[in-house]
Amino acid sequence: SAVEVEPNDTTAQAGAAAVSLTQQGWVGGAIGTLGDVDLFKLTVATREVVQIDTYDATASGCGIATTLR
């Protein structure tokens, strides 16, 4: 498990701070200010099933739009 590293608001910044997860894990992030964007780069070494979920502070869902590209 890991925590995001700011800044990560652009695709270049998302790839600059590598976060390594093996097996199961999570990356924690936060929307610090209105308009904040958090981008993460995901590299998968082999064909894998990847599940991405987003949650708010209550861990019961998320009212923020999440996009996977």
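## Close-up views of a predicted model

Of the 69 residues in this protein, 10% count as buried. Please keep in mind throughout that the model is predicted.

**View 1. The whole chain, with its one helix and two strands.** Following the sequence from its start, you will meet the elements in the pattern β-α-β. Strand β1 spans residues 2-3, helix α1 covers 11-16, and strand β2 takes in 27-28. Taken along the principal axes, the C-alpha atoms fill a box of roughly 35 × 30 × 20 Å.

**View 2. A cis peptide bond between E6 and P7.** Here we look at the bond that runs from E6 to P7, where omega is near -5°. P7 lies in the loop that links β1 to α1.

**View 3. G15 in helix α1.** G15 counts as partly exposed because its relative accessibility is 36%, which falls between the 20% limit for buried and the 50% limit for exposed. For a sense of distance, pick out A45, which is 30 residues away from G15 along the chain. The C-alpha atoms of G15 and A45 are separated by 16 Å.

**View 4. The largest pocket, with a volume of about 2300 Å³.** Its lining is made up of 50 residues, and those closest to the pocket centre are V27, F40, L42, I52 and D53. Two elements, α1 and β2, each give two or more residues to this lining. Helix α1 provides the largest share, with four residues. Sorted by class, the lining holds 25 nonpolar residues, 17 polar ones and eight charged ones.

**View 5. L42, a residue in the segment after β2.** L42 is exposed, because its relative accessible area is 57% and the exposed class begins over 50%. L42 also belongs to the residues closest to the centre of the largest pocket, so you can look for this side chain in View 4 as well. Across from it in sequence is A14, 28 residues away along the chain. Between L42 and A14, the C-alpha atoms are 9.3 Å apart.

**View 6. A nonpolar patch on the surface, built from L42, V44, V50, I52 and L68.** Together these five side chains belong to residues with about 490 Å² of accessible area. Two members of the patch, L42 and I52, are familiar from the pocket view, where both are listed among the residues closest to the centre.

**View 7. D53, another residue in the segment after β2.** D53 is partly exposed, because its relative accessible area comes to 43%. Like I52, D53 is one of the residues closest to the centre of the largest pocket. G25 sits 28 residues away from D53 along the chain, and the C-alpha atoms of D53 and G25 are separated by 12 Å.

**View 8. A30 and D56, a pair that is 26 residues apart in sequence.** A30 is found in the segment after β2. With a relative accessible area of 45%, A30 is partly exposed. From C-alpha to C-alpha, A30 and D56 are 9.0 Å apart in space.

Methods:
Residues are numbered from 1 along each chain as its sequence is written. This is a predicted model: local features need pLDDT of at least 70, side-chain atom pairs count only at pLDDT 80 or more; totals for chains, interfaces and linings use all residues. Side-chain values use heavy atoms; hydrogens and water are left out. Patches are made of residues with over 30% relative accessible area and no salt bridge: like charges are joined within 9 Å, nonpolar side chains (Val, Leu, Ile, Met, Phe, Trp, Tyr) within 5 Å. Accessible areas come from the Shrake-Rupley method with a 1.4 Å probe; for residues, only the protein chains shown count as cover. A salt bridge is a side-chain nitrogen of Lys or Arg within 4 Å of a carboxyl oxygen of Asp or Glu. Buried means under 20% relative accessible area, exposed over 50%, partly exposed in between (1.4 Å probe, protein chains only). On a 1 Å grid over the protein atoms alone, a cavity is a set of points where a 1.4 Å probe fits but cannot get out, and a pocket is an open set with protein on both sides within 12 Å along at least five of seven lines; lining residues have an atom within 4 Å of a point. Grid points are joined across faces, edges and corners, and a volume is the space filled by probe spheres set on the points. Ala, Val, Leu, Ile, Met, Phe, Trp, Tyr, Cys and Pro count as nonpolar, Asp, Glu, Lys and Arg as charged, and the others, Gly among them, as polar.
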